[in-house]
Amino acid sequence: MASEQNKKLKLYSYWRSSCSFRVRIALNLKGLKYDYKPVNLLKGEQSHPEFLKLNPVGFVPVLVDGDFVLADSLPIIMYLDDKYPQHPLLPSDIHKRAINFQASHIVSSAIQPLQNLSVLNYIGEKVGPDEKLAWVQSVLRKGFTALEKLLKDHTGRYATGDEIFLADVFLAPQLHAAFTRFSIPMNEFPILSRLYETYNATPAFQEALPQNQPDAVQ
Ligand SMILES: N[C@@H](CCC(=O)N[C@@H](CS)C(=O)NCC(=O)O)C(=O)O
C-alpha cells in the first residue's frame, strides 16, 4: 500500500529553489520515493500556463499525490507529516513545537520571500545589478541574527534538540544558500554554522542538496 502511494507522488521542483529543497528533505526523511519534475525558473517555466494550472501563484514547489495537487512548502510538508507518520516533523512538546514553527517562519516569511528570484530581478532592473547581493546579505544577516538568539536556548545536535524537526527542514536550505551563493561568512553565525555542518553530514539532507538533483547545472 505504502509503495503504491509513493509511486504517485510527484514533486515540481527547481534544483536551486530553497523552498523545493525543504520538501525534498521532508520526503527523504520519511523515506518516500517521488518523481522529480523539473521547473526551470531561469527560463520562466513557473509562468507557463500548464504550470499555473498546478499553482496559480507561479512558484515551486508543487506536490501531486494522485489527483491531489498542493503548492507551498509548509502545507506540503504538513500534509506529508499527516499522511506519513514515520519520522514525525513536529515534536509532541508544545513549546518545542512552537519554537519549530517560529524558526521555520523566520526563514519562510522574514528571509526567503525578500530574496526570491522575482524580487532580485526587480531590484536588478529598478535599482541596479550591484545592489542585489547587498540586499540579500542584509536580509540574511537580520534573519540569522534573530535565529541565533532564538535557538541558543534550544539547540542540541539539531536546531531544537537532538532530533530532526521542522526547523531543521527550513533552516538547512537557507543556510546552504547563504553560505554557498550569497557569501555570508560562516563565522558570523556560530550556532547556524554548526547546524549547517551537521546537515551536510546527514544523508536525508545530503541527497536533497541542489547539486544532487537531476536538473542541477554544475
Ligand atoms: N511560500 C512559498 C514560496 C515559494 C517560492 O517563493 N518559490 C520560489 C523558489 S524558492 C519560486 O518559485 N520563485 C520563482 C519566482 O520568483 O519567479 C513556499 O514556501 O513554497
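The exercises below, each with a worked solution, concern a predicted model of a protein with a ligand.

**Exercise 1.** Find where the ligand sits and which residues of the shell around the ligand come nearest.

*Solution.* Begin with the site itself: the ligand sits in the largest pocket. Next, turn to the residues around the ligand, of which there are 15, and pick out those that come nearest, namely Cys19, Gln46, Val60, Ser73 and Asn116. Finally, sort the shell by class, which gives six nonpolar, seven polar and two charged residues.

**Exercise 2.** Determine which helices each supply at least two residues of the shell around the ligand, and which element gives the most.

*Solution.* Two helices are to be named in the first step, helix H2, which covers 18-29, and helix H6, which covers 117-126, since each of them supplies at least two residues of the shell. In the second step the largest contribution is assigned to H2, which gives three residues to the shell around the ligand.

**Exercise 3.** Work out which atoms of the ligand lie at short range from N or O atoms in the side chains of arginine 22, aspartate 72 and asparagine 116, and then state how much of the ligand the protein buries.

*Solution.* Take the oxygen atoms of the ligand to begin with: an oxygen atom is 2.9 Å from an N or O atom in the side chain of asparagine 116, and an oxygen atom is 3.1 Å from an N or O atom in the side chain of arginine 22. For aspartate 72, the ligand atom is a nitrogen, at 3.2 Å from an N or O atom of that side chain. As for the area, the ligand taken alone exposes 520 Å², and the protein buries 89% of that.

**Exercise 4.** Decide whether aspartate 65 is buried or exposed, and list polar contacts of its side chain.

*Solution.* Locate aspartate 65 in strand E3, which spans residues 62-65. Its relative accessible area is 7%, and because buried means under 20%, aspartate 65 is buried. Then follow the side chain of aspartate 65, which is joined to the side chain of tyrosine 79 by a polar contact of 2.6 Å and which also makes a polar contact with the side chain of lysine 83, at 2.6 Å.

**Exercise 5.** Decide whether glutamate 50 is buried or exposed, and find a side chain with which its own makes a polar contact.

*Solution.* Glutamate 50 is found in helix H3, made up of residues 49-54. Its relative accessibility is 57%, and because exposed means over 50%, glutamate 50 counts as exposed. The side chain of glutamate 50 makes a polar contact of 2.9 Å with the side chain of lysine 53.

Terms used
Residues are numbered from 1 along each chain as its sequence is written. This is a predicted model: local features need pLDDT of at least 70, side-chain atom pairs count only at pLDDT 80 or more; totals for chains, interfaces and linings use all residues. Side-chain values use heavy atoms; hydrogens and water are left out. A residue is near a molecule or strand if one of its heavy atoms lies within 4 Å of it. A polar contact is a pair of N or O atoms within 3.5 Å; within protein, one must be able to donate a hydrogen and the other to accept it, and residues adjacent in sequence count only if both atoms are side-chain atoms. Accessible areas come from the Shrake-Rupley method with a 1.4 Å probe; for residues, only the protein chains shown count as cover. On a 1 Å grid over the protein atoms alone, a cavity is a set of points where a 1.4 Å probe fits but cannot get out, and a pocket is an open set with protein on both sides within 12 Å along at least five of seven lines; lining residues have an atom within 4 Å of a point. A molecule sits in a cavity or pocket if more than half of its atoms lie within 2 Å of its grid points. Helices (H or I, at least four residues) and strands (E, at least two) are DSSP runs, numbered from the N terminus. Ala, Val, Leu, Ile, Met, Phe, Trp, Tyr, Cys and Pro count as nonpolar, Asp, Glu, Lys and Arg as charged, and the others, Gly among them, as polar. Buried means under 20% relative accessible area, exposed over 50%, partly exposed in between (1.4 Å probe, protein chains only).
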